[in-house]
Amino acid sequence: MPALILISGAGQLGSRYLQGLAKCSNPLKIFVHDFNNESLQNAKKRWDEVLNNNSHDVLYITSLETLPKKIDIAIVSTTADVRIAATRNICKSTNVNYWVLEKVLAQNEDEIDELLSLVNSSRAWVNTPRRLMPWHQEIKSQLDFSNSLNFYVEGGSWGLACNTIHFLDLFSWWTGELLESISTKSLNKNWFKSKRENYWEISGELKAKFSNGSVARIFADQSSDPVLIKVENNSGGSWNYSWLINEVKGLAVRSDGTEISGNLNYQSEITADLIDSILDHGICNLPLLSESAELHRIFIREMHKHWRNSGNPPSTFVPIT
């Protein structure tokens, strides 16, 4: 019997998930759901581009009522503004064994709480995928965690509001520390429209503190400068190296000249191993929903406050995805 997979949201990201499923070793029956027929057609085109075997079956649906009573894995790849509604509707329509949820999880804390009430957190993961990437796994193996670390992220228009969660999760995973607080005092007050319609972005610096003393300073302006990550020792000690990581070039360079080359994998490249791992073993290397939700909670709370304090006082959500 094939495993039953649901992709909720057939946009840019959902269609890349679909392409990645083509390489799964487990036979699959895939339901791709979207209310927009054009999105479903584009997803079908992308599936046809990579289809290389006949072991998988794909159905494109505009109604969840056609789903079977049980689904093995639901992938919720909608935008953040409708993620909670999509999850709620899936729960009304079928019983899901495992979940993969896209970030950002939600646009306010109440939606995070509702997600936790709807979904079994021990059977759900959040897709902050650097944890799955061999390059970042190798960098992690070379870091010294005997002392707390300083992290710096800086670059041009890379989408600080929408993408900071990736770096917060990366640093938490590398160090094993929990996120404790975020300061938005050095973010600019002037939000500007994102490349994605109905979403907004911000420039300036965000500061994050972690549970064992590590600190991250995350900066963006509106230039075209590349995004760079710097890691250095925060408290002296015997480890005196620093790392400079350029994800565009796929190069991490230590201050003594040691280099680790690699790349950021596309979603279509990492999906098959992710889904096969969940189907075969019931586990994967992504953070559990319970873990990621607490990181999200602090981030969303502070970004929501900053949005309201920047001229949007009545807003009940922060418009990022």
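In this predicted model, the second largest pocket has a lining made up of Leu132, Pro134, Asn265, Glu269, Ile270, Asp273, Leu274, Ser277, Cys284 and Asn285. The space inside that pocket comes to about 180 Å³. Sorted by character, the lining residues split into 5 nonpolar, 3 polar and 2 charged. Helix H7, which covers residues 267–281, supplies the largest share of the lining, with 5 residues.

Helix H7 also turns up in another setting, since the helix lies across strands E1, E2, E4, E5 and E6. Relative to E4, the direction of H7 is at about 150°.

It helps to step back to the whole chain here. Its secondary structure adds up to 8 helices and 16 strands. The radius of gyration is 20 Å, close to the 20 Å that the globule rule gives for 321 residues, so the chain is as compact as a globular protein of that length. Along the principal axes, the C-alpha atoms take up a box of roughly 60 × 50 × 35 Å.

Now for the sheet that H7 lies across. Six strands make up this open sheet, in the order E3-E2-E1-E4-E5-E6, and their pairing is parallel. At the edges sit strand E3 (57–61) and strand E6 (124–126), each of which pairs on one side only. From one strand to the next, the twist averages 20°. Helix H1, residues 12–21, packs on this sheet too, touching strand E1 (3–8), strand E2 (28–33), E3, E4 and E5. The direction of H1 makes about 160° with that of E1. Within the sheet, strand E4 (residues 70–76) and strand E5 (residues 95–101) pair in the parallel sense, with 6 bridges between them. One of the residues involved is Val76, whose bridge partner in E5 is Leu101.

A further open sheet is built from 8 strands, and here the pairing is mixed. Reading across, the order is E8-E11-E12-E7-E13-E14-E15-E16. Strand E8 (179–183) and strand E16 (259–261) stand at the edges with a single partner strand each, so one side of each is left without a neighbour in the sheet. The twist in this sheet averages 15° from one strand to the next. Helix H5 (residues 134–142) packs on the sheet, where it touches strand E14 (242–246), strand E15 (251–254) and E16. The direction of H5 makes about 160° with that of E16. Pro134, where H5 begins, is also one of the residues lining the second largest pocket. Over at E8 and E11, it is helix H8 (residues 289–309) that lies across the strands, running at about 15° to E8.

The E8 end of this sheet can be followed residue by residue. Edge strand E8 and strand E11 (residues 204–210) run antiparallel and are joined by 4 bridges. Ser183 has Lys207 as its bridge partner in E11, while Ser181 stands opposite Lys209. Moving one strand further, E11 is joined to strand E12 (residues 215–220) by 6 bridges, and these two strands also run antiparallel. Lys209 appears again here, with Val215 as its bridge partner in E12. E11 and E12 form a hairpin with 4 residues between the strands, and in that hairpin Gly213 takes a positive phi near 100°.

Note on methods
Residues are numbered from 1 along each chain as its sequence is written. This is a predicted model: local features need pLDDT of at least 70, side-chain atom pairs count only at pLDDT 80 or more; totals for chains, interfaces and linings use all residues. Side-chain values use heavy atoms; hydrogens and water are left out. On a 1 Å grid over the protein atoms alone, a cavity is a set of points where a 1.4 Å probe fits but cannot get out, and a pocket is an open set with protein on both sides within 12 Å along at least five of seven lines; lining residues have an atom within 4 Å of a point. Grid points are joined across faces, edges and corners, and a volume is the space filled by probe spheres set on the points. Ala, Val, Leu, Ile, Met, Phe, Trp, Tyr, Cys and Pro count as nonpolar, Asp, Glu, Lys and Arg as charged, and the others, Gly among them, as polar. Two strands pair if DSSP finds at least two bridges between them. Axes are lines fitted to C-alpha atoms, for helices over the stretch in contact, and angles run from 0 to 180 degrees between N-to-C directions. Contact means heavy atoms within 4.5 Å. The radius of gyration is taken over C-alpha atoms; the globule rule is 2.2 Å times the number of residues to the power 0.38.
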